[in-house]
Amino acid sequence: MAGLSLRSVSKRFGNVEAVRDVTVEIDAGEFAVFVGPSGCGKSTLLRLIAGLEEPTSGEIHLDGDRSDVLPPGARGVAMVFQSFALYPHMTVYENMAFGLRNIGVGVGQINQKITSIAQNLEIAHLLDRRPRQLSAGQRQRVAIGRAMVKQPKLFLFDEPLSNLDAALRARTRIELARMHQRTQATMIFVTHDQVEAMTMAGRIAVMNQGRIEQVGTPMEVYNQPRSRFVAAFIGTPGMNFLPVATTDMQGGRMKVRLTDGATIDSTVPAAAVRGIGPLTLGVRAEHVHAGGGTVARVNVIERLGDRTLIYAMLGDGSTIVYDEPGDASIRIGEKVELSFDGTAVHLFDATGRAYHAE
């Protein structure tokens, strides 16, 4: 196991700054997930760690030693790509053995490593097959196994599940989590899918425009987002954002009135709100409840089995989404009255900075 340290790492491609002054510590044995939209710099950051790109500035340290000055093969890093990158003319065994043969590992040791890891990944019966004879999920496990036999200090996963169907993605997520529990290896997983991030990570690093906006456990990031971007990106559905018309104080807490006239007694400390420009109220779907004084009209219904997501339009034209039980009998066009849990709302200023309830 090895810890990873990124210190003010940046990467420019001409006039484009893909990674901007990233500083983060990944603990030994941690399963960390870098998540963000396409183009945010997460895959570039992974390639910098692997040595496939050189940083424009900053330092990368692995297991206490500086690694960005070393060639990729000397870093003790194994990377699993989105495209699997298996040699099509080689069998599964040969794909897994290729890297070990190149560094002079003996035949007996290669056989021992491949046999053990193939059994753990449930691909032992596939060792004589070629990649074209495998399903997408099997090919992905071979790619993971090829990385594991090297016994690297650090595993890097670059959106390895994006080519799989929904059911296989879910199963492979479980397999990766079990593999981490068995090996206790240090792993960094990159994805744009925040569900993968929330369900797999010990900690999440949310990236936006080349920067890390927030690092924390899944529930820390979900419940205490540092910015409007994080609040919108993390969570399914994303957080509701409603314009605030006026604000007042009540017992040292913020009392807000929305543009449709609804008032909310929040528990956000008034003294903490020192933002710039008009405020926006943020509230998650599970903290909006049927029954209250805010009137809205239902225009979209998503039935998900155990729950129903209802999208409704407020009097000022804002859209809000809230939860109902899976068997809710509500209909499109129906008027509903809603209330907000003031202990769970957030406020955001014009810069996107977040203020949370206490």
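Select H356 and P225 to begin, and look for the side chain of H356, one of whose polar atoms lies 2.7 Å from the backbone oxygen of P225. A polar contact here is a pair of N or O atoms within 3.5 Å, in which, within protein, one must be able to donate a hydrogen and the other to accept it, and residues adjacent in sequence count only if both atoms are side-chain atoms. Add H346 to the selection, since the side chains of H356 and H346 also make a polar contact, of 2.8 Å. This is a predicted model, in which local features need pLDDT of at least 70 and side-chain atom pairs count only at pLDDT 80 or more, while totals for chains, interfaces and linings use all residues. Residues are numbered from 1 along each chain as its sequence is written, and side-chain values use heavy atoms, with hydrogens and water left out.

Stay with H356 and show its surroundings. H356 belongs to strand 20 (residues 354–356), where helices (H or I, at least four residues) and strands (E, at least two) are DSSP runs numbered from the N terminus. Is H356 buried or exposed? With a relative accessibility of 17%, H356 counts as buried, a word that means under 20% relative accessible area, whereas exposed means over 50% and partly exposed lies in between (1.4 Å probe, protein chains only). Not counting residues up to four places away in sequence, H356 touches N223, Q224, P225, V268, P269 and H346, contact being heavy atoms within 4.5 Å.

Next, select P278, which you will find in the loop between strand 13 (263–269) and strand 14 (280–283). P278 counts as exposed because its relative accessibility is 62%. Leaving aside neighbours within four places in sequence, P278 is in contact with F348, D349 and A350. If you draw a line from the C-alpha of P278 to that of I188, it spans 38 Å, and the two residues are 90 apart in sequence.

Now move to H61, which lies in strand 4 (residues 57–62). H61 counts as buried, as its relative accessibility is 11%. Its side chain is joined to that of R7 by a polar contact of 3.3 Å, and, apart from neighbours within four places in sequence, H61 is in contact with G3, L4, S5, R7, R66 and S67.

Colour the strands around this point. Here 4 strands form an open sheet in the order 2-1-4-5, with antiparallel pairing, two strands being paired if DSSP finds at least two bridges between them. Strand 2 and strand 5 (65–66) stand at the edges with a single partner strand each, so one side of each is left without a neighbour in the sheet. Strand 1 (residues 4–13) pairs with strand 4 in the antiparallel sense over 5 bridges, and the bridge partner of R7 in strand 4 is E59.

From here, turn to helix 2 (residues 92–102), whose buried residues are V92, Y93, N95, M96, A97 and L100. Among what covers these buried residues are helix 3 (107–120) and helix 4 (136–148). After helix 2 comes G104, with a positive phi near 85 degrees.

Helix 2 also leads to the largest pocket, to whose lining it gives the most, with 5 residues. On a 1 Å grid over the protein atoms alone, a pocket is an open set of points with protein on both sides within 12 Å along at least five of seven lines, a cavity is a set of points where a 1.4 Å probe fits but cannot get out, and lining residues have an atom within 4 Å of a point. The largest pocket has a volume of about 580 Å³, a volume being the space filled by probe spheres set on the points, which are joined across faces, edges and corners. Of the 24 residues that line the largest pocket, select G73, V77, A78, M79 and K150, which lie nearest its centre.

Last, select the lining of the largest cavity: V24, E25, I26, A32, F34, R203, I204, A205 and V215. Its volume is about 40 Å³. Strand 2 (16–26), strand 3 (31–35) and strand 9 (203–208) each supply at least two residues of this lining.
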